[in-house]
Amino acid sequence: MSKRDYYEILGVSRTVTEVELKSTFRKLAMQHHPDKNPGDTAAEIKFKEINEAYQILSDGQKRAAYDRYGHAAFENGGGPGNGADFSDFMSDIFDSFFGDARGGRGGPRGANGRERGADLRYNLEIGLEEAFAGKTASIRVPTSIACEVCTGTGAKPGSSSRQCPTCGGHGRVRANQGFFSVERTCPTCGGRGEVIDDPCKNCSGSGRVTRERTLSVNIPAGVEDGTRIRLAGEGEAGLRGGPAGDLYIFLSIKPHAIFQRDGADLFCRVPLGLTSAALGGEIEVPTLTGEKARVKVPEGTQSGKQFRLKGKGMSVLRSREVGDLYIEVVVETPQKLTPRQRELLMEFERESSHSTHPETAGFFGRVKDFLGGISGGAA
């Protein structure tokens, strides 16, 4: 039986580009992989066909020969698939094409295979006043920086790296397994494409050393607890001249002795004397800026009453808006009374009426009705 056309097997035209060909192969290989089709003989046969077709069409010389002579170019032992055991190459070829997507090849690499440095985290605690006004903070961060002696190259001064003889500077090598062409990270240079014969003694050839750096961090007004600030390129230096990672500053705000924060608003509990609550008047309260504000307390103010001071709260991040400050008064019961004070309070109690304590009178009136209802129902 004649073999099917390789272009037809992959479902591509004869003018397909290398990128399009690889993309199509990935999709088909994933679709027909035996691991996704256990016990399906047809899927296994299809998987072999698309791999055979891709092995020919992905190689420039073999593709040219196939376009000119067809399958005849690979007859008499010259073609793919002669004696190859399916189970021997299945894992290698699948790792070759899908290993990177599955995260199995180590950290990210920049240009020329140089590894990017790791991102770093720094926890910074600030006060509520600093979160309100913003500040420029100075922090000391221990991290890896480019080696001063070799300027990050990893090679001894006066020498340089050379192209890897194994991979020719590509960072990857290709090996034929049966009718598959498997590409792997170069074992000699580790994917960098270069080797160093005379490494720098200061950094042992890595191109970086550990130092403590002092950095300036701009903290904008209005930041909240958990805010993250990114300093691009201030993380760990890359290996042998690779790009540096980033530094992430995570902010936490210390609890305040006077104010509690809820978004852009502030809350402050202020104790109020019994007589001041009964007679009314004015009280001075603090604000986060350090200034004082005056609050008018009406006669007969009850514990828990809130007063709103507009525009005296927190700054809003990246905005000119400012939240509000809420003052909650807590009426304080006097303690350690003198005999005269006790006498005056007892006199006040004797002369008090329902109008003097309306909430008390109302509550005990409802209690009386409630208990009376229970007694009446029981009778």
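I began at Thr-287, which touches Phe-259, Ala-293, Lys-312 and Leu-325 once residues up to four places away in sequence are set aside. I was working throughout with a predicted model, and I kept that in mind for each entry that follows.

**Thr-287.** I placed this residue in the loop between strand 12 (281-286) and strand 13 (292-297). I then asked whether Thr-287 is buried or exposed. Its relative accessible area is 8%, and because buried means under 20%, I entered Thr-287 as buried. I followed its side chain to two partners: it makes a polar contact with the side chain of Thr-289 at 3.1 Å, and it reaches the backbone oxygen of Glu-291 at 2.9 Å.

**The chain as a whole.** I counted 9 helices and 15 strands, and I noted that 32% of the 379 residues count as buried. Turning to contacts with a separation of 6 or more, I found that residues 24 or more positions apart account for 64% of them.

**Confidence.** I looked up the average pLDDT of the chain, which is 83, with 86% of the residues scoring at least 70. Which elements mark the lowest and the highest confidence? I found the lowest in helix 5 (residues 86-98), at a mean of 43, and the highest in strand 14 (residues 306-309), at 96. Over residues 77-107 the pLDDT stays under 50, and for this stretch the model has 52 contacts beyond four places in sequence. I leave those contacts without further comment, because predicted coordinates should not be read in detail where pLDDT is low.

**Helix 4.** At the start of this helix (residues 60-69), I saw a side-chain oxygen of Asp-59 reach to within 3.1 Å of the backbone nitrogen of Gln-61. Just after the helix, I noted that Gly-70 takes a positive phi of about 70 degrees.

**Positive phi outside glycine.** I searched next for residues that depart from the usual sign, since most residues other than glycine have a negative phi. I recorded Thr-151, which has a positive phi of about 55 degrees although it is not a glycine, and which sits in the loop between strand 2 (135-146) and strand 3 (162-163). Thr-151 is exposed, with a relative accessible area of 62%. I also recorded Arg-318, a residue other than glycine whose phi is positive and near 55 degrees; I located Arg-318 in the loop between strand 14 and strand 15 (325-332), where it counts as exposed at 75% relative accessibility.

**Gly-190.** I found this glycine in the loop between strand 5 (180-185) and strand 6 (194-195). At 23% relative accessibility, I entered Gly-190 as partly exposed. I also checked its separation from Cys-164: the two are 26 residues apart in sequence, and their C-alpha atoms lie 9.8 Å apart in space.

**The largest pocket.** I took down a volume of about 890 Å³ for the largest pocket. Which residues lie nearest its centre? Of the 23 residues that line it, I listed Leu-274, Thr-275, Ala-278, Phe-348 and His-357 as nearest. The elements that give two or more residues to this lining are helix 7 (274-279), helix 8 (339-351) and helix 9 (358-378). Sorting the lining of the pocket by class, I noted 11 nonpolar, 9 polar and 3 charged residues.

Conventions
Residues are numbered from 1 along each chain as its sequence is written. This is a predicted model: local features need pLDDT of at least 70, side-chain atom pairs count only at pLDDT 80 or more; totals for chains, interfaces and linings use all residues. Side-chain values use heavy atoms; hydrogens and water are left out. A polar contact is a pair of N or O atoms within 3.5 Å; within protein, one must be able to donate a hydrogen and the other to accept it, and residues adjacent in sequence count only if both atoms are side-chain atoms. Helices (H or I, at least four residues) and strands (E, at least two) are DSSP runs, numbered from the N terminus. On a 1 Å grid over the protein atoms alone, a cavity is a set of points where a 1.4 Å probe fits but cannot get out, and a pocket is an open set with protein on both sides within 12 Å along at least five of seven lines; lining residues have an atom within 4 Å of a point. Grid points are joined across faces, edges and corners, and a volume is the space filled by probe spheres set on the points. Ala, Val, Leu, Ile, Met, Phe, Trp, Tyr, Cys and Pro count as nonpolar, Asp, Glu, Lys and Arg as charged, and the others, Gly among them, as polar. pLDDT is the predictor's confidence in each residue, from 0 to 100. Contact means heavy atoms within 4.5 Å. Buried means under 20% relative accessible area, exposed over 50%, partly exposed in between (1.4 Å probe, protein chains only).
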